[in-house]
Amino acid sequence: MITLEQIRNKLQEELKTSGLSQSEIARRINVSAHTVYSYFHGKKMPALDTFANLCKELDIDPAHILCLT
C-alpha cells in the first residue's frame with residue numbers, strides 16, 4: 001500500500017533535484033513561494049490541479065510521484 005509519506009518524499013526529492021529555486025517553481029505554477037516552501041518541507045501537499053502543473057513544469061511523470069512505477 002502506498003502511503004502519503006512515500007508520495008510526500010518523492011515530491012520533495014523531485015522538487016529539490018529540479019535545480020529551480022522555490023520562487024521560480026512558484027512563479028511557474030502560479031502559487032506563492034510560501035506554498036512551494038510547504039511542499040519542499042512536507043508540510044503541505046498540492047491540490048490535484050497544482051500537482052498536475054508541477055509535474056508538467058518539472059517534466060516528471062505523475063505515476064513516479066504517486067509510486068505507481
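1. I begin with a cysteine: Cys-55 is buried, since its relative accessible area is 5%, and the cut-off for counting a residue as buried is under 20%. Please keep in mind throughout that this is a predicted model, so that every value in this note is computed from predicted atoms. Cys-67, the other cysteine to be discussed here, has a relative accessible area of 22% and is therefore partly exposed rather than buried.

2. On the matter of disulfides, a search of the whole structure finds zero. Cys-55 is in no disulfide, and the cysteine sulfur nearest to that of Cys-55 belongs to Cys-67, at 12 Å. Seen from the other side, the closest cysteine sulfur to that of Cys-67 is the one in Cys-55, and because 12 Å lies between them they are too far apart for a bond; a disulfide would call for sulfur atoms within 2.5 Å.

3. As to the overall fold, the protein chain has five helices and zero strands, and the order of its elements from the N terminus on is α-α-α-α-α. The radius of gyration is 11 Å, close to the 11 Å that the globule rule gives for 69 residues, so the chain is as compact as a globular protein of that length. Taken along the principal axes, the box filled by the C-alpha atoms is roughly 35 × 25 × 20 Å.

4. Some totals for the protein chain may help in judging how it is packed. Of its 69 residues, 33% are buried, and the chain exposes about 4,400 Å², of which carbon and sulfur atoms supply 51%. When contacts between residues at least 6 apart in sequence are considered, 54% of them join residues that are at least 24 apart.

5. The largest nonpolar core has 15 residues, and those that touch the most other members are Leu-15, Ile-25, Val-36 and Leu-54. Helices α1, α2, α3 and α4 each supply at least two residues of this core, with the largest share, four residues, coming from α4. For a view of the contacts around one of these residues, Leu-54 is a useful place to look: leaving aside neighbours within four places in sequence, Leu-54 is in contact with Leu-11, Leu-15, Ile-25, Ile-29, Tyr-39 and Pro-46.

6. Helix α3 spans residues 33–40, and its buried residues are Thr-35, Val-36, Ser-38, Tyr-39 and Phe-40. These buried residues of α3 pack against three other helices, namely α1 (4–17), α2 (22–29) and α4 (48–58). Two of the names recur from the previous point, for Val-36 is among the core residues that touch the most other members, and Tyr-39 is one of the contacts of Leu-54.

7. Thr-35, which is found in helix α3, deserves a separate word. Thr-35 counts as buried because its relative accessibility is 13%, and its side chain makes a polar contact, at 2.8 Å, with the side chain of Ser-32.

8. After α3 comes Gly-42, which has a positive phi, near 70°, and which is found in the loop between α3 and α4. Although it sits in a loop, Gly-42 counts as buried because its relative accessibility is 17%. What, then, is Gly-42 in contact with, once its neighbours within four places in sequence are left aside? The residues in question are Arg-8 and Gln-12. Gly-42 also lies 7.6 Å from Asn-9, C-alpha to C-alpha, while the two are 33 residues apart in sequence.

9. Two further residues should be checked for their backbone geometry. Most residues other than glycine have a negative phi. Asn-30, however, has a positive phi of about 65° although it is not a glycine, and Asp-59, likewise not a glycine, has a positive phi of about 55°.

10. Where do these two residues lie, and are they buried or exposed? Asn-30 lies in the loop between α2 and α3, and with a relative accessible area of 70% it is exposed. Asp-59 has its place in the loop between α4 and α5 (62–65), and its relative accessible area of 70% means that Asp-59 is exposed as well. Gly-42, by contrast, has a positive phi but is counted as buried.

Notes:
Residues numbered from 1 in each chain as written. Predicted model: local features only at pLDDT ≥ 70, side-chain atom pairs only at ≥ 80, totals over all residues. Heavy atoms only, no water. Buried < 20%, exposed > 50% of the residue type's maximum accessible area, 1.4 Å probe, protein only. Contact = heavy atoms within 4.5 Å. Core = buried A, V, L, I, M, F, W, Y, C linked by side-chain atoms within 4.5 Å. Polar contact = N/O pair within 3.5 Å; in protein donor to acceptor, adjacent residues only side chain to side chain. Rg over C-alpha atoms; globule rule 2.2 N^0.38 Å. Areas by Shrake-Rupley, 256 points an atom, 1.4 Å probe, with all protein chains shown as cover.
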